[in-house]
Amino acid sequence: MRKRTLGRTNLAVTELSLGGLFVSSFGAAYEQSKQAVVRSLELGVNYIDTAPTYFDSEEVFGRALSGVDTPYYLSTKIGGRLDPFLPQDPDCLRRSVEESLSRLKRDRLDILMVHEPDRPHMYNWWSDDQFNGPVLEVIGELQQQGIVDYVALGSTTAYHIEPIIRTGRFDLLLTALNYSLLYREAAHRAIPAAHEMNMGIVIGSPLQIGAYNPAHEDEVRRGPPWMSPQR
């Protein structure tokens, strides 16, 4: 399986990776999820991405990867878990990461992503309009302690993320829902900005979270009424 270096990191990751949303109780029972995890590593995949809000995905990976000798890189996200989740509280942020590590049965992370800092009304990450906030201070401390190697953005918008990318503080960009086989809005601003900042780019939904997996025969014959000319 071919590999690429993720931007300015030294991580040589496989072009196909394993996303964690459906490797959870949302997608399958544990034994089936474990089979998918183990099989992906057998086939050469070496990059896995999850998040604390992907149902029990972190727990599944923690169990399924326990004792696995095959080398791999793992990213998870910060955001949403602890209840209440307080993005302006450094102690809450630290405990959120500690709980992720516990669920994943790890003592360090290759990549930690700030989850959806661009999505309106999602998480109040920033203290000012320059995108400063406790989350970056906490992640910086974790990097100094050797707990986190690289910091990334987990984004869901095609345009709001651009000014955050251009701060130059992040090593990777994950796009979700905004770049796929048909819907390529992130190609206008987000991805070019990430290239300019020499960031690694992870396409989080190339099949639009499964929407393009089935055969859409009726749409092919008659034309999909929901599809814009750009698509």
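Here are some questions and answers on this predicted model, going from the sheet to the salt bridges and the buried spots.

Residues count from 1 along each chain as its sequence is written, and side-chain values use heavy atoms, with hydrogens and water left out. As the model is predicted, local features need pLDDT of at least 70 and side-chain atom pairs count only at pLDDT 80 or more, while totals for chains, interfaces and linings use all residues.

Q: Which strands sit at the edges of the open sheet of 7 strands?
A: Helices (H or I, at least four residues) and strands (E, at least two) are DSSP runs, numbered from the N terminus, and two strands pair if DSSP finds at least two bridges between them. The sheet order is 3-4-5-6-7-8-9, with parallel pairing. Pairing on one side only marks the edges, and that picks out strand 3 (18-19) and strand 9 (200-203).

Q: Which residue of strand 8 stands opposite Ala152?
A: Strand 7 (residues 148-155) and strand 8 (residues 172-175) run parallel and are joined by 4 bridges. Across from Ala152, in strand 8, stands Leu172.

Q: Which residue of strand 9 does Leu173 stand opposite?
A: Strands 8 and 9 run parallel too, with 4 bridges joining them. Side chains alternate along strand 9: Gly200 and Val202 point to one face and are buried, while Ile201 and Ile203 point to the other and are not. Buried here means under 20% relative accessible area, exposed means over 50%, and partly exposed is in between (1.4 Å probe, protein chains only). The residue opposite Leu173 is Ile201.

Q: At about what angle does helix 3 run to strand 5?
A: Helix 3 (residues 90-104) lies across strand 5 (73-78) and strand 6 (109-115). Axes are lines fitted to C-alpha atoms, for helices over the stretch in contact (heavy atoms within 4.5 Å). Angles run from 0 to 180 degrees between N-to-C directions, and for helix 3 against strand 5 the angle is about 145°.

Q: What do the buried residues of helix 4 pack against?
A: In helix 4 (residues 134-144), the residues Pro134, Val135, Leu136, Val138, Ile139 and Leu142 are buried. After the helix comes Gly146, with a positive phi near 75°. The packing partners of those buried residues are strand 5, helix 3, strand 6 and strand 7.

Q: How far apart in space are Pro134 and Asp91, C-alpha to C-alpha?
A: Pro134 is in helix 4 and has a relative accessible area of 9%, so it counts as buried. Leaving out residues up to four places away in sequence, Pro134 touches Pro87, Gln88, Pro90, Leu93, Trp125 and Ser127. Pro134 and Asp91 are 43 residues apart in sequence, and their C-alpha distance is 9.6 Å.

Q: How many residues apart in sequence are the parts that Arg94 and Glu141 tie together?
A: A salt bridge is a side-chain nitrogen of Lys or Arg within 4 Å of a carboxyl oxygen of Asp or Glu, and Arg94 forms one with Glu141, the closest N and O atoms being 3.3 Å apart. Arg94 lies in helix 3 and Glu141 in helix 4, so the parts tied together are separated in sequence by 47 residues.

Q: Why are Asp218 and Arg222 separated by about one helical turn?
A: Their side chains meet in a salt bridge (3.0 Å, N to O). Asp218 is partly exposed at 34% relative accessibility, whereas Arg222 is exposed at 67%. The spacing follows because, in helix 7, the two are apart by 4 residues.

Q: Is Thr50 buried or exposed?
A: Thr50 is in the loop between strand 4 (47-49) and helix 2 (57-64). Not counting residues up to four places away in sequence, its contacts include Gly20, Phe61, Leu74 and Leu104. The relative accessibility of Thr50 is 0%, so Thr50 counts as buried.

Q: What is the relative accessibility of Ile209?
A: Ile209 is found in the loop between strand 9 and helix 7 (217-222). Along with Phe22, Phe26, Phe55 and Leu177, Ile209 forms a nonpolar patch on the surface, with about 480 Å² of accessible area together. Patches are made of residues with over 30% relative accessible area and no salt bridge, joined within 9 Å for like charges and within 5 Å for nonpolar side chains (Val, Leu, Ile, Met, Phe, Trp, Tyr); areas come from the Shrake-Rupley method with a 1.4 Å probe, and for residues only the protein chains shown count as cover. Ile209 counts as partly exposed, its relative accessibility being 43%.
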